[in-house]
Amino acid sequence: MTGIVIGNTLRTSWKQILYWGLGLGALGLYIDFIAMSPDIISGYADLLKSMPPAMLQAFGASDIALLTTAEGWIVSIFVSEAAIFLSVFAVMAGLNITANDEQSGLMDVILSLPISRSSYLLERWIGFALIGLGIVVLCALITLAGVIGMNVDAPHDVILKSILNLYPGTLLAMTVTCLLATALRRRALAIGFAAAFVTASYIFNVIGAAASGAIADFMENVSYFSYIHGEAFVVGTYDPADSAIVIGAILIGFVLALRNFVSRDIGI
Amino acid sequence: MASDSVINIRGLSKTYGSGKKQTLALNRLDLSVAQGEIFGYLGPNGAGKTTTIRLLLDLIRPSAGSATIFGLDIRADSVEIHRRIGFFPAELSLWEGRTGDQIINYVASVRGDTKGIVKHADELAERLDLDTSKKVRDLSSGNKRKLGLVIAMMHSPELLILDEPTGGLDPLVQQTFHEMMDEYRAKGKTVFLSSHVLSEVQAICDRVGILRDGELKAVESVEKITNVEFQWVDVVFRDAVPAGLQQQLERLPAVTNVSTNGTRVRMRMVGDFDPLLRVISGGYVETLHIEEPSLEEIFLAFYSGDKEKTE
């Protein structure tokens, strides 16, 4: 591993950090702006009270009382919405690791250079992981800047940690997409299955959190969205084991993707 | 041949798909290419040329057989092999949003000797009249292919693997390319060139392999393969073609493909000329032109001959 492919990936794709980071940051500022007004938050909480639990979960609010606080509002609403947007980025990034270049034929040129397939995949993955990190950090800093600038009464460290906690889930969605692209070879199929993975995870999380029982618990446990719970930082119940589970899944996914990519034919 | 071979292929096969959809793209290919040789790899579309090249580059994996380049296994030692080769793909794709210079710098850095390689790339770009400051998306298809050639050749590789390299290049650039190939030969470097532009292969290659339906039909020197038994004969009479001459010619076992046009008769001739001379002596022969078949015709002869056998 020389880092050359990482550098090239960052050079060709660094603008994604700006586009996504600024876009999500703008969303964060908007949510900060609403958080300045306790009346709006409590009104919104009253509205949510009339909703069934599954709907509440879909709106990123599992605890109504929490939503009436500024930090609870910012974390619950922003994290649940940003997680969806970041999943879209993750799918696109996962496709960019190998599938897009393979589809266009560029991979033939790349792999005729003196670089092993495993090094290439690893460096591409790291490159897009760094871009994902840049996006999450940028949107977290903008949201935090909004909190500070608008004098919102919310603990800064909680806001920062809960948004940064979006990163492992984003990496997981990216890695799963990369795995699908290396396994299925056809880009369109990989997009379809990755979209299905993200959508199913989201639905499982909503239903799993709203319902009770063994099946509901299972659904919640297999959804990566359930490990992106910003509220845990607000109420102090964050368990590092949750992040460890996601990181473990990322490692397994990456190893499987590596095995696929190294062992199979390249191109169509 | 095998001892000083740069490329050594033994029983290499490749099938795509499985079950009823299985397609045999390459069937037990045996081939050696010597150092300093420019080897032309000919065949119609779908013959297996690109499959062979992609196998040699370890982009796809063989179903059977093996191959070495520089004595190194194409699978186990692919990174070391790639360090010493240059490749130009038939379907060239490059980073659309980057300039030629940026791509050259990137590829040079992957190859590990940026300064020397970039300098040589600049020289090649100048020879090919290529502006490397433009983004790839702004280049014409011909200029993209020039950039592909620069990338393939900029590190002065010991072996060049070129898949249909001159398609889309203007004649002047093709001439420059031919000169570059001559220089490669003079330096003792090896070129494996896949093409269906047979006149090009005839002009620059030392040996030719003809591939059809995944099978290597012939490997011969360009001189030898050109020296096939048939020739085209044009006979121009001073007056009209004598009556009944065409029928008489068609009865000769050595003559086929007879056509007449005014005072001219054209035919495909195999073997001795004496029977032909006796038949045409009935008229006043103004000129007699004997034409060696082009490589295209030789190729078609291989192709149709084999087809006839199978029918």
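Modeller: Before we look at the interface, one cut-off: two residues are in contact if their C-beta atoms, placed from the backbone, lie within 7 Å. Also keep in mind that this is a predicted model.

Colleague: Fine. With that cut-off, how many residues does each chain bring to the contact?

Modeller: Chain B brings 20 residues and chain A brings 17 residues. On the side of chain B that touches chain A, α2 (78–84) and α3 (100–111) each supply at least two residues. The most comes from α3(B), with 5 residues. Sorted by class, that side of chain B has 11 nonpolar, 4 polar and 5 charged residues.

Colleague: And what ipTM does the predictor give the complex?

Modeller: The ipTM is 0.84, and the pTM is 0.84. For chain B, the average pLDDT is 89, with 93% of the residues scoring at least 70. Watch residues 306–311 of chain B, though: pLDDT stays under 50 there, and the model has 2 contacts beyond four places in sequence for them.

Colleague: Which domains does the assignment give for chain B?

Modeller: Domain 1 covers 5–226 and domain 2 covers 230–292. Taken over C-alpha atoms, the centres of these two domains of chain B are 43 Å apart.

Colleague: On to strands. How do I read a sheet order such as β2-β1-β4-β5 in chain B?

Modeller: Generally, strands of a sheet pair through backbone hydrogen bonds, either parallel or antiparallel. Here the 4 strands of chain B make an open sheet in that order, with antiparallel pairing. β2 and β5 (72–73) of chain B are at the edges with a single partner strand each, so one side of each has no neighbour in the sheet. Take β4 (residues 64–69) of chain B: 2 bridges pair that strand with β5(B), and I69(B) has L72(B) as its bridge partner.

Colleague: Where does S18(B) lie, and why does that residue count as exposed?

Modeller: S18(B) is in the loop between β1 (5–16) and β2 (23–34) of chain B. The residue is exposed because 8 other C-beta atoms lie within 10 Å, and the cut-off for exposed is 12 or fewer.

Colleague: Now the faces of a strand. Which residues of β6 (residues 85–88) of chain B sit on each side?

Modeller: In a regular strand the side chains alternate between the two faces of the sheet. In β6(B), I85(B) and F87(B) are on one side, G86(B) and F88(B) on the other, and all are buried. This strand runs parallel to β7 (residues 159–163) of chain B, joined by 4 bridges. Opposite I85(B) you'll find L159(B) in β7(B).

Methods: Residues are numbered from 1 along each chain as its sequence is written. Chains are lettered from A and ligands numbered from 1 in the order in which they are written. This is a predicted model: local features need pLDDT of at least 70, side-chain atom pairs count only at pLDDT 80 or more; totals for chains, interfaces and linings use all residues. pLDDT is the predictor's confidence in each residue, from 0 to 100. Domain bounds come from an automatic or database domain assignment. Ala, Val, Leu, Ile, Met, Phe, Trp, Tyr, Cys and Pro count as nonpolar, Asp, Glu, Lys and Arg as charged, and the others, Gly among them, as polar. A residue is buried if 20 or more other C-beta atoms lie within 10 Å of its own, exposed if 12 or fewer, and partly exposed in between; C-beta atoms are placed from the backbone. Two strands pair if DSSP finds at least two bridges between them.
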